[in-house]
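Me: I am in my first year and would like to learn how to read a protein structure step by step. Could we go through this one together, with questions and answers?

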Amino acid sequence: MLPEAFLARMRAQLGDEYEEYLCSLQRPRAVALRFNPLKGEPPRLPFVRQPVPWEPQGFYYDPQARPGLHVYHEAGVYYLQEASAMAPAVLLDPRPGELICDLCAAPGGKSTQIAGRMGGSGLLVSNEINPKRAKVLSRNVERLGIANAVVINETPAALAQRLPEFFHRVMVDAPCSGEGMFRKEEAAVTDWSVETVQMCARRQAEILDCAARLLRPGGHLVYSTCTFAPEEDEEAVTAFLARHPDFVLEPVEAPWFRESAPGMYRLWPHRLLGEGHFAAVLRKMGCDDAPAAVFPGAPLPESVRRFLKELGIRLPPGQPVTFGQTLYWMPPEMPPLHRLKVLRAGLELGTVKKDRFEPSHALALWLSGCARTLSLPPDGPQMAAYLHGEALPCAEKGWLLVTAGAYPIGWGKGDGSLLKNHYPKGLRK
C-alpha cells in the first residue's frame with residue numbers, strides 16, 4: 001500500500017497520467033544489464049534482449065535468467081543495472097582524458113559506466129561516504145577491470161576541501177527518498193514519509209554545494225535522484241542556482257526523457273521500460289583550458305618489472321604507490337593522497353614480498369591478454385573447477401592468466417604438471 005500523502009501529491013503532479021502511472025506499478029519491472037566496453041567485443045548471450053534506447057551498451061534481459069551467476073559476470077563483462085539509472089551518466093557525457101568525480105558512487109553502476117566511456121584514459125575519483133558501501137564500490141571497480149579509478153571513502157565536504165576546482169565533470173547521484181524505486185524495493189515504501197523527503201532535500205543541498213566546489217570553470221555537473229519529489233528534484237536545482245549564480249542549466253539532446261524544465265529531465269515508469277528517475281545538467285560558467293598536472297612517482301621494484309616483462313604486460317601511463325606490501329598503479333593525474341581515506345589507488349598490481357611478486361586479482365581482470373594464458377570454455381567443467389578453487393592439469397611453469405573464453409577471470413601458477421589455483425578464496429563458488 002502506497003502512502004496516501006505520496007499518492008495525493010502524485011495525483012497533482014501527473015494529472016491525466018496519474019491512473020496510467022498507477023497501472024505501470026502493477027506491471028513486471030524490466031531488468032537490464034550494461035556491457036563493459038573495457039572488455040572488448042561483448043559476447044552473444046541467449047538471455048539478452050532488446051537494447052536500452054539511451055545507452056548503447058545497455059540491454060534488457062530475460063527476467064527469468066540469472067546473469068549474476070554467469071562466469072561472465074565474475075569476469076566483469078557486464079554490470080547489472082536498472083535501465084533508467086543508466087541515464088544520468090549518459091547526460092554527463094564523460095570523455096577520455098578528463099578528470100571526473102562520482103561523488104556518491106556506491107555501489108558503482110554510474111562509476112563503471114563513466115569509466116567505460118573514458119576508455120581507460122584520464123582520472124575517475126569514485127567517492128562513497130559509507131565505509132561498507134565503499135567496499136562494495138571498490139569490488140565492482142575491480143571486477144570491471146578499471147585501471148584509472150581511485151576509490152575514496154570521504155565526506156563530500158572533505159573531498160571538496162582537498163580537491164577544489166579539480167574536475168572537468170562531477171556526478172551527484174544523491175541519496176534520496178527513493179520514490180522511483182517503489183516498484184523495485186519494498187523498503188523504499190515503508191521508509192517513506194514527508195519528513196524523509198524534507199531531510200533528503202537538506203542533505204542534497206549540502207552535497208550539491210560540495211560538488212560546486214569540486215568543479216572547475218567550464219565544467220559540467222549532473223545531479224540525479226531516483227525520486228519524484230519536487231523538493232528533491234526541480235526545487236533542489238532551483239535553490240542551488242540561487243546559491244550559485246556562476247552555474248546555469250545546460251539543455252542537452254535527450255529525446256527519450258520528458259523535459260520538466262530546460263536542462264531538467266524526468267524518467268517516468270509509465271512512459272518507458274524502467275523505473276523513476278530525475279536528472280539535471282548544469283554548467284559552471286567560465287573557462288579553464290589548463291591541462292591536468294602529471295605527478296611523478298618512484299620506479300617499480302625489480303621483481304615487478306621482471307614479472308611484467310616475462311608475461312608481456314605493458315602498463316598504461318601512471319605512477320606506482322605502495323600501501324604496506326600492496327603495490328598500486330595510480331593514474332598520473334592524481335595528486336598525492338595524504339589526508340584522504342583511500343580504498344583503491346588505481347590499478348592494484350599485486351604484493352611485493354622480498355625478491356618475489358604475487359600479482360593481484362585486479363591485474364588479471366584488467367588485462368586483455370598476456371604471453372602465458374590458459375583459456376577455458378566458460379561453461380565447461382574445468383571453469384567450474386577453477387571457480388571452486390581446485391587445481392587444474394597444466395604442463396607449463398610459472399604464472400598464467402586464466403580466461404573464460406576470451407575474458408580474463410584470474411591467475412594460476414603452473415609447476416609443470418598442475419596449475420595452482422589463485423582465484424581469490426572470498427570469490428570461490
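Reply: Before we start, one definition will be useful: two strands are said to pair if DSSP finds at least two bridges between them. Please also keep in mind that this is a predicted model.

Me: Which residue in strand 17 does leucine 327 stand opposite?

Reply: Strand 15 and strand 17, the latter made of residues 347-353, pair in the antiparallel sense over 4 bridges. Within strand 17, the residue that stands opposite leucine 327 is glycine 350.

Me: Which strands stand at the edges of the open sheet of 4 strands?

Reply: This open sheet has antiparallel pairing, and the order of its strands is 14-15-17-18. A strand at the edge has a single partner strand, so one side of it is left without a neighbour in the sheet. The strands in that position are strand 14 (319-323) and strand 18 (356-359).

Me: What angle does the direction of helix 11 make with that of strand 18?

Reply: Within the sheet, the twist averages 30° from one strand to the next. Helix 11, which covers residues 302-310, packs on this sheet and touches strand 15, strand 17 and strand 18. The angle between the direction of helix 11 and that of strand 18 is about 55°.

Me: Which helix gives the most residues to the largest nonpolar core?

Reply: In soluble globular proteins, nonpolar side chains tend to be buried together. Here the largest nonpolar core has 40 residues, and those with the most contacts inside it are Val172, Leu221 and Met334. With 6 residues, the helix that gives the most to this core is helix 9 (residues 194-214).

Me: How many residues are in the other core, which lies apart from the largest one?

Reply: To get a picture of the largest core, take valine 172, whose contacts, leaving aside neighbours within four places in sequence, include Leu103, Ile207, Ala211 and Leu221. Apart from that core lies another, with Tyr79, Ala115, Leu137 and Leu144 among its members. The number of residues in this other core is 34.

Me: Over what arc around the axis do the buried residues of helix 1 lie?

Reply: In helix 1, which runs over residues 4-14, the buried residues are Phe6, Leu7, Arg9, Met10 and Leu14, and what covers them includes helix 2 (18-24). On the other side of helix 1, Glu4 and Ala12 are exposed. The buried residues are on the same side of helix 1 because the arc they cover is only 165°.

Me: Is histidine 277 buried or exposed?

Reply: Histidine 277 lies in strand 13 (residues 277-284). Not counting residues up to four places away in sequence, histidine 277 touches several others, including Ser84, Lys110, Asp173, Cys226 and Tyr265. Its relative accessibility is 4%, and because the limit for a buried residue is under 20%, histidine 277 counts as buried.

Me: What distance separates the C-alpha atoms of leucine 376 and valine 402?

Reply: Leucine 376 lies in strand 19 (residues 373-376) and is buried, with a relative accessible area of 2%. Its contacts, leaving aside neighbours within four places in sequence, include Gln382, Tyr386 and Val402. Although leucine 376 and valine 402 are 26 residues apart along the chain, their C-alpha atoms are separated by 7.3 Å.

Me: How many disulfides does a search of the whole structure find?

Reply: The sulfur of cysteine 176 has its closest cysteine sulfur in cysteine 226, at 3.4 Å. A disulfide needs two cysteine sulfur atoms within 2.5 Å, so this pair is too far for a bond. For the whole structure, the number of disulfides found is 0.

Me: What is the omega of the cis peptide bond that joins alanine 106 and proline 107?

Reply: Most residues other than glycine have a negative phi, and most peptide bonds are trans. Proline 107 has its place in the loop between strand 5 (99-102) and helix 5 (109-118). The bond that joins alanine 106 and proline 107 is cis, with an omega of about 5°.

Me: What is the phi of arginine 339?

Reply: Arginine 339 lies in the loop between strand 15 (326-330) and strand 16 (342-345), and at 65% relative accessibility it counts as exposed. Arginine 339 is not a glycine, yet its phi is positive, with a value of about 75°.

Methods:
Residues are numbered from 1 along each chain as its sequence is written. This is a predicted model: local features need pLDDT of at least 70, side-chain atom pairs count only at pLDDT 80 or more; totals for chains, interfaces and linings use all residues. Side-chain values use heavy atoms; hydrogens and water are left out. A nonpolar core is a set of buried Ala, Val, Leu, Ile, Met, Phe, Trp, Tyr and Cys residues joined through side-chain atoms within 4.5 Å. Buried means under 20% relative accessible area, exposed over 50%, partly exposed in between (1.4 Å probe, protein chains only). Helices (H or I, at least four residues) and strands (E, at least two) are DSSP runs, numbered from the N terminus. Contact means heavy atoms within 4.5 Å. The arc is that of the directions from the helix axis to the C-beta atoms. Axes are lines fitted to C-alpha atoms, for helices over the stretch in contact, and angles run from 0 to 180 degrees between N-to-C directions.
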